Each structure stands twice: as structure tokens, then as C-alpha cells.
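Trainee: Got a minute to go through this one with me? I'd like to start with a single residue and then look at charges.
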Amino acid sequence: MNKDRVFAEKLTTITPFRFNENVARVFDDMLVRSVPLYGEVLKQQARIARQFYQNGTRIFDLGCSHGNLGVLLLECFGSTAFKMTGVDSSWPMIQRFQKRLSVHDSQGCITLACACIEDIVMLNASVVVINLTLQFLDPEKRDRLIQSAFKGLCKGGILLLTEKTVHADPQMKALEQEYYYQFKRENGYTDLEISQKRDALERVLVPETVAEHENRIQNAGFSAFNVWLKWFNFTSMIAVK
């Protein structure tokens, strides 16, 4: 695993964060050290997806990056065939996912598309997964994407959503931020790295409250909603059509 040192050196100019080749190369290390309970979230999502998948339908992984969830799904389904479309706008991520599929996906269960997730038409889906991706969309596009997911899901289908969230109360917001930065320090990031990445993500990653996510999901028409895991300012949610 290549070590994440994208923001380790002092930068004269902080450019907006992008999922480019430099990030793709160290993405696994970045995820493990920057996203609390990342492995647990994906493990449980794969199990939930296996439970709710309906034969003849499709799973959509929007913002699939380099395929960690996809590989877990292949393990979880085993010899049982399924269909999944992985979508990501980063070509370096898609390239890495393709290499992994050449080893793990002998049945051709997963197809990939390098595209903006808001442009994807979802049809005949039983599972839609959006992990740490909605937060990078312009706010006005988020409603349309969740509505599109709802329309594309068959009855009984599910939406699995994980996002970096923000608390509406300033005191709780500061507490969550404090513990998140401590998590990153404990995983070896320096204050310089934390500060420079925060600046790079400014106005690129725009978090919302859990209530805003729930309202958007309910307004789209989902019949049930639940937060199934929360670690300070990281939240995993499920909604059922």
C-alpha cells in the first residue's frame, strides 16, 4: 500500500482537491487513515446488498473509486451471479478498478463507466450505493440524484449512503471536528497535512446535516430511513423504497 503523502510537504499554493493520479495511487492508505470504520462500513454494505439484491436487477455503485466495495460484493456473492454498474468520474480510479476485475471477476458481473454520477440513468436497480460521493456534488444536483435513484429502484430496493456530515449545533460541530482531527493524528497525519487537505477540500466537499439527508431521501419518496452507523461526523444510512 503506497503511503499518502499528498499534503506532507508545505505547498505554496493550495489547489482544489481532485481524484487525480496522485490521489488514486495512495487512495487505500488515504481511506484507512482518513475515514473512521471504513472497512466495517463496506463489509456491512456488501452483506446488506446481498440480502436486498433481486435476481435480474442491477446494483449501482455511484462513485465507485477503485473498487473496494465491488471486490467485497464479488466475495459476498461467491458463485451466485449478479449485475453491478460502477460509476466514477476519475479515469485513474476506473483504470485501477479494471485491473482488479481482471483478477477477481471471472463471471463478468461488474461493468464500469467513467462518467459523472449525475448523468447516469438508473433502471431496474435493487441496490444503489453512494459512498462519500454526494458531498462532492453541487448542492442543487443532490436532490436530483436521489430522486433519480428512487425512480430507478424497483419496489423493495434500497439506497445505501455514507457521507461526511456536519452537526447543526455549533458546539457539537466543534466536538465532532476535534475528534476527527485527533483520529487523523493518531493515524500519522501531521497538523500541516490536516490543514492543507482541509484547505484543498474547502468548497469542494460541502457536508450537510443528517436531517438534510433524511429530508431529501423522504422527499424523494422512500418509505423507510435509518442511520445504521455513526462515528462523530461520518454517517452511514439506509433507505428502502
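Trainee: Is Ser65 buried or exposed?
Mentor: Keep in mind that this is a predicted model. Ser65 is buried, because its relative accessible area is 11% and the cut-off for buried is under 20%.
Trainee: Where does Ser65 sit, then?
Mentor: In the loop between strand S1 (58-62) and helix H4 (68-77).
Trainee: And which residues does Ser65 touch?
Mentor: Leaving out residues up to four places away in sequence, Ser65 touches Phe27, Asp88, Met93, Ile94 and Phe97.
Trainee: OK, charges now. How many salt bridges are there in the whole structure?
Mentor: A search finds 10. One of them pairs Lys43 with Glu40, at 3.4 Å from N to O. Both residues lie in helix H3 (residues 38-52), three residues apart, about one turn of the helix.
Trainee: What about Lys141, which residue does that one form a salt bridge with?
Mentor: Glu118, with the closest N and O atoms 3.4 Å apart. Lys141 is in helix H6 (residues 139-152) and Glu118 is in the loop between strand S3 (110-114) and strand S4 (125-131), so the pair ties together parts 23 residues apart in sequence.
Trainee: Which residues do shared salt-bridge partners join into one network?
Mentor: Arg142, Asp143, Glu208 and Arg216.
Trainee: Switching topic: which residues make the nonpolar surface patch of about 320 Å²?
Mentor: Met172, Leu175, Tyr179 and Phe232. Phe232 is in the loop between strand S6 (224-231) and strand S7 (234-240), and counts as partly exposed at 30% relative accessibility.

How values were computed: Residues numbered from 1 in each chain as written. Predicted model: local features only at pLDDT ≥ 70, side-chain atom pairs only at ≥ 80, totals over all residues. Heavy atoms only, no water. Patch = residues over 30% accessible without salt bridge, like charges linked within 9 Å, V, L, I, M, F, W, Y side chains within 5 Å. Areas by Shrake-Rupley, 256 points an atom, 1.4 Å probe, with all protein chains shown as cover. Salt bridge = Lys/Arg side-chain N within 4 Å of Asp/Glu carboxyl O. Helix = DSSP H or I, 4+ residues; strand = E, 2+ residues; numbered from the N terminus. Buried < 20%, exposed > 50% of the residue type's maximum accessible area, 1.4 Å probe, protein only. Contact = heavy atoms within 4.5 Å.
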